[in-house]
Amino acid sequence: MSEQEQAQPTNPASPSIISTPFPKGPAKKALENKLLTRLTKGELIAKNIITSDTAPNLHHSAKAFERKRTSDALASKLKNRPTADDLMNANIIKAPITVAPSLHEAQQSLIKKKTEDILGQHLQHRPTKDTLVSQHIMEVSSTSLSSSSTTATSESKDGESRN
């Protein structure tokens, strides 16, 4: 047989088989060893040697599609994010620094102290429970009546036993 006849596939039903002669001798052993130690497709993907399971002719369009999808998702998130003013009103971020950085800490503590003072003043001028009940703003609950009558009864008993 000539070399050309050996190179032709023996099975005419499978013309897509590569028709190169298989090596013989030490080259055959070396090839078998290389094939045994060859990395799997999953290992090649994990090591970033090949990028995906897609066919090579579809790889570019699959990568472009993935970038477009990521870009669209990011644009959607950026479009729906709250404004800086909304975040400041919700106390998520602080107002921009308007003083020198060395004075910023002092300014923040001063603002906090001022807020505490205003809140303290409002609490001092807060009406008592009795005032709210007398102005018919707050109703007297049955539990507070029973507890106050129980207290009054126990005080009167203590007063009688002392006499």
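**Exercise 1. How many salt bridges does a search of the whole structure find?** Track them down and say where they sit.

*Solution.* Keep in mind that this is a predicted model.

Step 1: the count. The search turns up three salt bridges.

Step 2: helix H4. Here Arg69 and Glu66 pair up through their side chains, with N to O at 3.1 Å. They are three residues apart in helix H4, which means about one helical turn separates them. Both ends are partly exposed: Arg69 has 49% relative accessibility, and Glu66 has 37%.

Step 3: helix H4 again. Asp72 bridges to Lys68, and their closest N and O atoms are 3.3 Å apart. The spacing in helix H4 is four residues, so about one helical turn lies between Asp72 and Lys68. Asp72 is partly exposed at 39%. Lys68 comes out at 51%, so it counts as exposed, the cut-off being over 50%.

Step 4: helix H6. Lys113 and Asp117 make a salt bridge with closest N and O atoms 3.8 Å apart. That still passes, because the limit is within 4 Å. The two residues are four apart in helix H6, about one turn. Lys113 is partly exposed at 45%, as is Asp117 at 39%.

**Exercise 2. Look at the backbone of Asn48 and Asn91. What is the sign of phi in Asn48, and what is it in Asn91?**

*Solution.* Step 1: the background. Most residues other than glycine have a negative phi.

Step 2: the angles. Asn48 isn't a glycine, yet its phi is positive, about 65°. Asn91 also has a positive phi, near 60°.

Step 3: the setting. Asn48 sits in the loop between helix H3 (41–46) and helix H4 (56–80), and is exposed at 60%. Asn91 is in the loop between helix H5 (84–89) and H6, and is exposed at 69%.

**Exercise 3. Which residues form a nonpolar patch on the surface?**

*Solution.* Step 1: the members. They are Phe22, Leu31 and Leu35, together offering about 280 Å² of accessible area.

Step 2: one member up close. Leu35 belongs to helix H2 (residues 26–37). Its relative accessible area is 46%, so Leu35 is partly exposed and clears the over 30% needed for a patch.

**Exercise 4. Where in the chain is confidence lowest, and where is it highest?**

*Solution.* Step 1: the overall picture. Mean pLDDT is 78, with 72% of residues at 70 or more.

Step 2: the extremes. Helix H1 (residues 3–7) has the lowest mean, 47, and helix H6 (residues 101–124) the highest, 92.

Step 3: the weak stretches. Residues 1–9 fall below 50 and have five contacts beyond near neighbours in sequence. Residues 154–163 are also below 50, with zero such contacts. Where pLDDT is low, don't read the predicted coordinates in detail.

Note on methods:
Residues are numbered from 1 along each chain as its sequence is written. This is a predicted model: local features need pLDDT of at least 70, side-chain atom pairs count only at pLDDT 80 or more; totals for chains, interfaces and linings use all residues. Side-chain values use heavy atoms; hydrogens and water are left out. pLDDT is the predictor's confidence in each residue, from 0 to 100. Contact means heavy atoms within 4.5 Å. Patches are made of residues with over 30% relative accessible area and no salt bridge: like charges are joined within 9 Å, nonpolar side chains (Val, Leu, Ile, Met, Phe, Trp, Tyr) within 5 Å. Accessible areas come from the Shrake-Rupley method with a 1.4 Å probe; for residues, only the protein chains shown count as cover. Buried means under 20% relative accessible area, exposed over 50%, partly exposed in between (1.4 Å probe, protein chains only).
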